[in-house]
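The report below covers a single protein chain and takes up its charged side chains, its backbone and its overall build in turn.

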Amino acid sequence: MITIEKLQEFGANTEEGLTRCMKNEALYLRLVATTPNEKNFDKLRTALDAGDLDGAFEAAHALKGVLGNLSLTPLYEKAVEITELLRAKTEMDYSPLEDELFLLKNRLKDLCESD
């Protein structure tokens, strides 16, 4: 089960995230727990694998918004990096950045599922 303390150890700015949720801790934690299943992670991976930079940008930009609103700082920072490269239509191998993003996503998922 995810807790504020676990999120702080992960590097999230929980005070900021809680503020966006009107200090409703249960709501904030419920929203955070749904984040690893956010469909835009898969959309990003699929678009990058297909070389679809526009589709990848849309997915990365959407992720950036979700992650930023919840103040999941480590994930947000990686999403920003990917989004800005895609905004510039940078032709490159995105797999190292994608791997880092998914590693962080999986760490968050583990935190949400652990006791």
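## Lys89 and its partner

In this predicted model, Lys89 counts as partly exposed, because its relative accessibility is 47%. Lys89 forms a salt bridge with Asp54, and the closest N and O atoms of the two side chains are 2.3 Å apart. The pair links distant parts of the chain, since Lys89 sits in the loop between helix 6 and helix 7 whereas Asp54 belongs to helix 5, 35 residues apart. Asp54 is likewise assigned to the partly exposed class, with a relative accessible area of 45%.

## Other salt bridges

The structure holds 7 salt bridges, among them one in which the side chains of Glu98 and Arg45 meet at 2.7 Å, N to O. Glu98 lies in helix 7 and Arg45 in helix 4 (residues 39–50), so this pair ties together parts that are 53 residues apart in sequence. The two partners fall into separate accessibility classes: Glu98 is buried at 6% relative accessibility, while Arg45 is partly exposed at 31%. Leaving aside residues up to four places away in sequence, Glu98 touches Leu48, Asp49 and Ile82 as well as Arg45.

Within helix 6, Glu84 and Arg87 lie 3 residues apart, about one turn of the helix, and they form a salt bridge whose closest N and O atoms are 3.0 Å apart. Glu84 is partly exposed, with a relative accessible area of 34%, and Arg87 is partly exposed as well, at 42%. Elsewhere, Lys78, Glu81 and Glu100 are linked in a network of salt bridges.

## A buried lysine without a salt bridge

Which side chain of opposite charge is nearest to Lys64? That side chain is Glu84, 4.0 Å away, and Lys64 is buried yet has no salt bridge. Lys64 is found in helix 5, which covers residues 53–69. Not counting residues up to four places away in sequence, Lys64 touches Tyr76, Ala79, Val80, Thr83, Glu84 and Arg87, so that both members of the Glu84–Arg87 salt bridge appear among the contacts of this lysine.

## Positive phi in two loops

Most residues other than glycine have a negative phi. Met22, in the loop between helix 2 (14–20) and helix 3 (25–34), has a positive phi near 55°. Ser71, in the loop between helix 5 and helix 6 (73–87), also has a positive phi, of about 55°, although it is not a glycine. Their surroundings are described by opposite terms, for Met22 counts as exposed at 72% relative accessibility, whereas Ser71 counts as buried at 3%.

## The chain as a whole

The chain has 7 helices and 0 strands. Its radius of gyration is 14 Å, close to the 13 Å that the globule rule gives for 115 residues, so the chain is as compact as a globular protein of that length. Along the principal axes, the C-alpha trace spans about 40 × 25 × 20 Å.

Buried residues make up 43% of the 115 residues, and among contacts between residues at least 6 apart in sequence, 61% join residues at least 24 apart. The accessible surface comes to about 6300 Å², of which 51% belongs to carbon and sulfur atoms. There are 14 positive and 22 negative side chains, and the centres of these two sets lie 5 Å apart.

Key:
Residues numbered from 1 in each chain as written. Predicted model: local features only at pLDDT ≥ 70, side-chain atom pairs only at ≥ 80, totals over all residues. Heavy atoms only, no water. Helix = DSSP H or I, 4+ residues; strand = E, 2+ residues; numbered from the N terminus. Rg over C-alpha atoms; globule rule 2.2 N^0.38 Å. Buried < 20%, exposed > 50% of the residue type's maximum accessible area, 1.4 Å probe, protein only. Contact = heavy atoms within 4.5 Å. Areas by Shrake-Rupley, 256 points an atom, 1.4 Å probe, with all protein chains shown as cover. Lys, Arg positive; Asp, Glu negative; His and termini not counted. Charge placed at Lys NZ, Arg CZ, Asp CG, Glu CD.
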